[in-house]
Amino acid sequence: MSVLIVLDQSDNHLKKSAFEIMSYGSKLAEQIGTSAEALVLGTVQDNLAALGKYGVSKVHQLSNETLNHVDGQLYAKTIAEFVAQTSATVVIFSQTHTGKSVASMVAARLKAGLVAGAASLPDTSNGFIVRKTVFSGKAFANISIQSAIKVIALNPNSFSVITTEGTAEVNQLNIGIDSSKIKVTAINKITGEIPLTEADIVVSGGRGLKGPENWGVLLDLAKVLGAGTACSRPVGDAHWRPHHEHVGQTGVQVAPNLYIALGISGAIQHLAGVNRSKIMVVINKDPEAPFFKAADYGIVGDLFEIVPQMTAEIKKIKGIA
Amino acid sequence: MKILVCVSKTPDTTSKIAFKNNLTQFDETGVQWIINPYDEWFALVRAIELKEKDPTTLIHLVTVGGADCDPIIRKALALGGDEAFRINADSNDSFYIAAQIAELAKQNQYDLIFTGKEAIDYNSAAMGGMIAELVDFPYISLATLFELNGSVATVTREIEGGEEIAEVIIPLVVSCQKGIAEQRIPNMRGIMAARTKPLKVVEPATIDNLTSIVNFELPAPKAGCKMVAVDNVPELIRLLHEEAKAF
């Protein structure tokens with residue numbers, strides 16, 4: 001019995017979500033009196049022993065190039081075999097693109113109850129109850145898992161990274177892998193931008209910007225904040241901004257520390273994609289914009305006058321010339 | 001070519017989310033029910049487009065639920081499904097639902113199984129992967145493009161920080177999202193035709209529920225929006241920096 005944490009990777013590096021789930025998994029292990037171990041699939045080059053500082057005692061790696069592309073079938077077979085060998089009772093993923101491809105397959109293979117979209121540590125005082133977001137962040141459900149093995153996929157940005165002292169024992173696995181039935185022919189990475197789902201700060205624009213030629217003010221603000229950039233659905237539909245920037249119910253769902261909405265009225269479908277943000281700031285010229293009801297801070301006024309002042313003020317604080 | 005499209009009944013996106021019976025049940029008062037948008041706009045419409053290219057294609061629809069799901073299944077048939085199955089069971093456990101659909105899929109030998117990327121009520125994004133594992137098909141999640149040439153599917157899917165283009169031999173399971181198709185409105189001919197299309201009620205297989213809902217919680221209400229005067233932008237930045245510690 002142990003907690004197994006399956007780490008996300010991209011381009012041979014671990015992602016922020018990996019540090020979050022290690023922190024989460026080791027807290028859970030502590031809570032139920034067992035150890036936390038991590039599993040890395042693919043040829044990740046990072047210093048794995050150093051992951052001990054996130055609370056894991058062992059890091060197992062199956063360094064095989066086939067696993068650098070996510071094939072749910074191969075992942076599920078490999079992870080399920082490993083779970084059986086190590087008698088892990090809880091398997092933890094991050095609810096990222098990779099987690100969404102794999103956690104459900106692992107759960108089905110192990111006939112293990114799944115909570116996907118977990119928001120906090122399980123309550124293990126009486127059974128095993130995990131809180132998850134439902135109705136696109138408008139509510140939570142407490143889900144009891146009854147099966148012997150439990151699978152949890154944690155929402156990104158919902159658990160703080162905790163570091164301690166420690167080094168993990170690294171174990172290179174030698175398990176054969178079938179060839180993948182998914183033949184990857186091309187990969188297009190979005191370069192030079194911060195992936196939205198990983199961004200601590202997101203600056204987002206709506207129809208209030210009036211046209212794609214006006215995005216400069218938003219991009220300047222995003223740049224000084226090191227923020228990801230997003231947009232509302234009408235902006236995406238009008239092709240003012242690329243489709244992958246659309247946040248909302250039918251677009252990307254984000255949960256940054258800070259979400260700044262410029263010229264977005266805040267339709268309920270938009271809020272469904274952003275309401276897990278910790279702090280929301282709204283700049284809108286319409287005092288009746290529904291977004292103000294959901295926001296933490298707001299200014300009613302012309303964003304074209306306000307935003308450059310915000311950028312200048314942040315530069316002052318950060319000491320950027 | 002036989003395609004199975006999985007559809008789920010969800011509250012309309014503008015529904016007020018409330019709970020009853022000591023927060024143990026979703027309060028359905030005044031709720032409009034719709035086909036989960038990802039299932040309808042993307043999974044079903046892409047299947048219909050494939051049928052328009054190859055009219056010999058057969059589209060089956062499936063949902064797991066009670067008779068209250070019939071109106072949304074009829075609407076899906078009006079959009080373009082050929083035949084529907086309603087597995088007559090009530091469950092919120094992803095494994096239970098996926099296993100029921102997998103049983104149907106094994107009997108009918110589908111070439112493609114489409115789901116939406118997630119349902120807008122429970123947001124687990126688990127259905128496609130579980131079905132794929134249970135029927136032993138490859139799984140492409142979060143697909144934004146899907147083309148079929150003979151038995152080779154060319155798909156584009158979102159991955160961390162970008163997208164990946166891949167080829168997969170059918171059969172396979174695909175979870176569909178924006179980009180793969182455009183929303184359609186059923187026309188009168190479709191609505192009339194849907195009335196006579198078969199909607200078969202199937203009794204569920206014996207499968208364990210692995211999870212259950214204990215209760216719901218609503219997020220704590222926001223303290224209210226702190227408004228800053230338009231001529232005092234530095235104050236907003238000060239609050240974000242010092243009070244909210246947001247950057």
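Here are three short exercises on a predicted model, with worked solutions. Residues are numbered from 1 along each chain as its sequence is written, and chains are lettered from A in the order in which they are written. Local features need pLDDT of at least 70 and side-chain atom pairs count only at pLDDT 80 or more, while totals for chains, interfaces and linings use all residues.

**Exercise 1.** Work out how the two domains of chain A meet.

Start with the bounds, which come from an automatic or database domain assignment: domain 1 is 3-172 and domain 2 is 196-318. Their C-alpha centres sit 31 Å apart. Next, count contacts (C-beta atoms, placed from the backbone, within 7 Å): eleven residues of domain 1 of chain A touch eight of domain 2. On the domain 1 side, that's one nonpolar, seven polar and three charged (Ala, Val, Leu, Ile, Met, Phe, Trp, Tyr, Cys and Pro are nonpolar; Asp, Glu, Lys and Arg charged; the others, Gly among them, polar).

**Exercise 2.** Find which helix of chain A gives the most to the side touching chain B.

First, the totals: 78 residues of chain A contact 62 of chain B. Then go by element (DSSP runs numbered from the N terminus; helices are H or I, at least four residues, strands E, at least two). Helix H3 (residues 97-110) of chain A comes out on top, with nine residues. Sorting chain A's side gives 40 nonpolar, 27 polar and eleven charged.

**Exercise 3.** Describe the pairing of strand E9 of chain A with strand E14 of chain B.

Pairing takes at least two DSSP bridges. Here six bridges join E9(A) (residues 139-145) to E14(B) (residues 211-217), running antiparallel. Finally, pick out one position: Ile145(A) stands opposite Thr211(B).
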